[in-house]
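Here is a quick tour for anyone opening this structure for the first time. Have the sequence and the 3D view side by side, and follow along.

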Amino acid sequence: MGKYGFAIVYHPDYVAPLPDAHRFPMPKFKILRDLLLKDEVIKPEQIYQPELPDLELIELVHTSEYVQAYCNGTLEHKAQRRIGLPWSQALAHRTRIAIGGTILAAKLALEYGCACNTAGGTHHAFPSYGSGFCIFNDLAIASRVLQHQGLVNKILIVDLDVHQGDGTAFIFQDDDSVFTFSMHCEANFPGRKQKSDFDVPLPIGLDDDGYLQILASHLSDLLTQVNPDLVLFDAGVDTHVSDRLGKLSLTDWGIYRRERMVLSTCKAGGYAVASVIGGGYGKDMSALVYRHSLLHRAAKEVY
């Protein structure tokens, strides 16, 4: 175990310019880091900076054609539109550095017990195309990189973003070494769901207690059953009642309790856990960033 209970991963390049009216809340990553320092949730010494991963690592999951086309800015318009983010050199760089962040968080989790990337959770990206603000799938890439480097064998992905982790489910559908668990609002994007190893579709408007009861009924058993060397946790806060794209009714307190439940259950079982912040959409940036910070506040509490 490290000197601090958990590690944080952040890079200034997590923020890349987007058009003003764009609904993807790009500034949130830096604001989140600033808030965590200001509220003394973390100390500066806990922050690690990722490196840019080689394209070969991204190609452990994605087709070479897609990776090259995206990184060189030659992806056709229709594929670009499906992602929903206008291409720029800065955004292509940001995408890669955020993947580096999830890879680093996964490695730090093995050392510390818990590590949190202040970005990541791009679970709608498929091997040959991106979708829903997701360009490359950081959860899948980090899983493959750590396995490839012989650091872990078995991985459990706990995806609690409000949207199904369809890209991740598809990538690992025939792979017993990565178990995909997705708990999501059934009546939400993506319209066509994939088959995770374990899917829990939730009804519209589900509240804190209903949600936490369902999660508690599966989580411990899942950990025991899969017995992973590493848990990757997608802590999307778009489950919040005021999220623009969510359709569930969790409060801040409910999200905090959820993060604590996941982290404390992993800790109690001795499972290393690496978290990513996942989705969260709203006009009120400070309220949104606070919701994302609940993950790190829970980590401080548990670790």
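A residue counts as buried when its relative accessible area is under 20%, and as exposed when that area is over 50%. Keep that cut-off in mind, and also that this is a predicted model. Now try it on F133: at 13% relative accessibility, F133 is under the 20% limit and therefore counts as buried. F133 sits in the loop between β3 and α6 (138–148). Its phi is near 70°, a positive value in a residue other than glycine.

E40 shares that kind of backbone angle: its phi is positive, about 55°, although E40 is not a glycine. You'll find E40 in the loop between α1 (28–38) and β2. With a relative accessible area of 60%, E40 is exposed.

**The sheet**

Let's move on to the strands. In what order do the eight strands of the open sheet come? They run β2-β1-β3-β8-β7-β4-β5-β6, with parallel pairing. At the edges are β2 (47–48) and β6 (198–202), each of which pairs on one side only. Strands of a sheet pair through backbone hydrogen bonds, either parallel or antiparallel.

Here are some of the pairs, with one facing couple of residues for each.

| Strand pair | Bridges | Residues opposite each other |
|---|---|---|
| β1 and β3 | three | V9 and N117 |
| β3 and β8 | three | C116 and S275 |
| β7 and β8 | four | D234 and V276 |

In the last of these pairs, β7 covers residues 230–234 and β8 covers residues 273–276.

Two helices are worth finding against these strands. Helix α8 (residues 208–226) packs on the sheet and touches β4 (155–159), β5 (178–185), β6 and β7. The direction of α8 makes about 175° with that of β5. Helix α10 (residues 285–302), meanwhile, lies across β1 (7–9), β3 (114–117), β7 and β8. Relative to β3, α10 runs at about 165°.

**A closer look at β3**

In a regular strand the side chains alternate between the two faces of the sheet. You can follow this along β3: C114 and C116 point one way, while A115 and N117 point the other way. All four of those residues are buried.

Stay with N117 for a moment. How buried is N117, in relative accessible area? The value is 0%. The side chain of N117 makes a polar contact of 2.6 Å with the side chain of Y14. Leaving aside residues up to four places away in sequence, N117 touches a list of residues that includes V9, A98, G101, T102 and A105. Also among them are S275, V276 and I277, along with H296. Some of these names link back to what we've already seen: V9 is the residue opposite N117 across the β1 and β3 pair, and S275 is the one opposite C116.

**Helices that cross**

Now for helices meeting helices. The axes of α1 and α10 come within 9 Å and cross at roughly 60°. That makes α1 oblique to α10. The crossing is right-handed. On the α1 side, the contact is made by K28, I31, L32, L35 and L36. On the α10 side, the residues in contact include M285, L288, V289, Y290 and H296. So H296 turns up twice, as it is also one of the residues that N117 touches.

A second pair is helix α5 (residues 89–112) with α6, whose axes come within 9 Å and cross at roughly 50°. That makes α5 oblique to α6. Here again α5 passes α6 in a right-handed crossing. From α5, the contact is made by I99, T102, I103, A106, K107 and L110. From α6, the partners are D138, I141, A142, V145 and L146. T102 of α5 is another of the residues touched by N117.

**The loop between β5 and β6**

One last stop is the loop between β5 and β6, where P190 lies. The peptide bond from F189 to P190 is cis, with omega near -5°. G191 is in this loop too. Is G191 buried or exposed? G191 is exposed, with a relative accessible area of 81%. G191 and Q164 are 27 residues apart in sequence, and their C-alpha atoms are 9.7 Å apart in space.

Technical notes. Residues numbered from 1 in each chain as written. Predicted model: local features only at pLDDT ≥ 70, side-chain atom pairs only at ≥ 80, totals over all residues. Heavy atoms only, no water. Pairing = 2+ DSSP bridges. Contact = heavy atoms within 4.5 Å. Axes fitted to C-alpha atoms, helices over the stretch in contact; angles between N-to-C directions. Buried < 20%, exposed > 50% of the residue type's maximum accessible area, 1.4 Å probe, protein only. Polar contact = N/O pair within 3.5 Å; in protein donor to acceptor, adjacent residues only side chain to side chain. Parallel < 35°, antiparallel > 145°, perpendicular 65-115°, else oblique. Left-handed = near helix turned anticlockwise from the far one by under 90°.
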